[in-house]
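Okay, can everyone see the screen? I'll put the sequence and the model up, and then we can walk through the contacts together.

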Amino acid sequence: QVQLVESGGGLAQPGASLRLSCAASGNIFSINVMGWYRQAPGKQRELVATMTIGRSNYADSVKGRFTISRDNAKNTVYLQMNSLKPEDTAVYYCYVNAASTGRRYFDYWGQGTQVTVSS
């Protein structure tokens, strides 16, 4: 099993920055994809950014403002969020596609961290 612990959410003013972190722990054999999704009230969960080895993918709404990165040695993924907008307000979920000793890959989700952008 893989556990995900998120941190870094909170309240920010429009134009400000926040950085989210998500550390994966447990019986990890290999991690394929690490990333972030978000869900605003009354909306479906949507992709924010994902990262495999050497390749990242962003939602159009965050391109140029958000940057995803990962530290493979620490099994940690980060999301640097700059120029925040009120429409970025949502619960942000960490996502990992990883394999444990069974060598089969499964999807894992964090518990979610609230990001609120408001003046």
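I'll go through the strands, then the aromatic rings, then the core, and finish with a few single residues.

Quick housekeeping: this is a predicted model, so keep in mind that local features need pLDDT of at least 70 and side-chain atom pairs count only at pLDDT 80 or more, while totals for chains, interfaces and linings use all residues. Residues are numbered from 1 along each chain as its sequence is written, and side-chain values use heavy atoms, with hydrogens and water left out.

Right, strands. When I say strand, I mean a DSSP run of E with at least two residues, numbered from the N terminus. Two strands pair if DSSP finds at least two bridges between them. With that, there's an open sheet of 4 strands in the order 1-3-8-7, paired antiparallel. Its edges are strand 1 (2–7) and strand 7 (66–71), each pairing on one side only. On average, neighbouring strands in this sheet are turned by 15° against each other, ignoring direction; the axes behind that are lines fitted to C-alpha atoms, and the angles run from 0 to 180 degrees between N-to-C directions.

Inside that sheet, strand 3 (residues 18–26) and strand 8 (residues 76–81) are antiparallel and share 6 bridges. If you want a spot to click on, Ala-23 has Thr-76 in strand 8 as its bridge partner.

Now look at strand 5 (residues 46–52) and strand 6 (residues 55–58), which run antiparallel with 4 bridges. They make a hairpin with 2 residues between them, and Gly-54 in the turn has a positive phi of about 85°. Across that hairpin, Ala-49 stands opposite Tyr-58 in strand 6. Ala-49 also has Lys-63 at 9.1 Å, C-alpha to C-alpha, with their positions 14 residues apart in sequence. Lys-63 itself is in the loop between strand 6 and strand 7.

On to the rings. Which residues form one aromatic cluster? Tyr-37, Tyr-95 and Trp-109 do. Rings of Phe, Tyr and Trp (its six-membered ring) pair if their centres lie within 6.5 Å; planes under 30 degrees apart are stacked, over 60 edge-to-face, and the rest tilted. The structure holds 3 aromatic pairs. In one of them, the ring centres of Tyr-37 and Trp-109 are 5.1 Å apart and the planes are at 70°, so that's edge-to-face. Tyr-37 is in strand 4 (residues 30–39) and Trp-109 in strand 10 (residues 105–109), so this pair ties together parts 72 residues apart in sequence. Tyr-95 and Trp-109 make a tilted pair, 5.1 Å centre to centre with 50° between the planes. That one links strand 9 (residues 90–99), where Tyr-95 lies, to strand 10, with the two residues 14 apart.

For burial, I'm using relative accessible area: buried is under 20%, exposed is over 50%, and partly exposed is in between (1.4 Å probe, protein chains only). Tyr-95 is buried at 12%, and Trp-109 is partly exposed at 38%.

There's also a charge here. The charged end of Arg-45 sits over the ring of Trp-109, 4.7 Å from its centre, and over the ring of Tyr-93, 3.7 Å from that centre. "Over" means NZ of Lys or CZ of Arg within 6 Å of the ring centre and within 35 degrees of the ring normal.

Next, the core. A nonpolar core is a set of buried Ala, Val, Leu, Ile, Met, Phe, Trp, Tyr and Cys residues joined through side-chain atoms within 4.5 Å. The largest one has 30 residues, and Trp-36, Leu-79, Met-81 and Tyr-92 touch the most other members. Strand 9 gives the most, with 5 residues. Leaving out neighbours within four places in sequence, Tyr-92 has contacts (heavy atoms within 4.5 Å) that include Trp-36, Leu-79, Met-81 and Val-115.

Last, two single residues. Ser-21 is in strand 3 and is buried at 18%. With the same four-place rule, Ser-21 contacts Val-5, Glu-6, Ser-7, Trp-36, Val-77 and Tyr-78. Gly-102 is in the loop between strand 9 and strand 10 and is exposed at 59%. Its C-alpha is 9.8 Å from that of Asn-27, 75 residues away along the chain.
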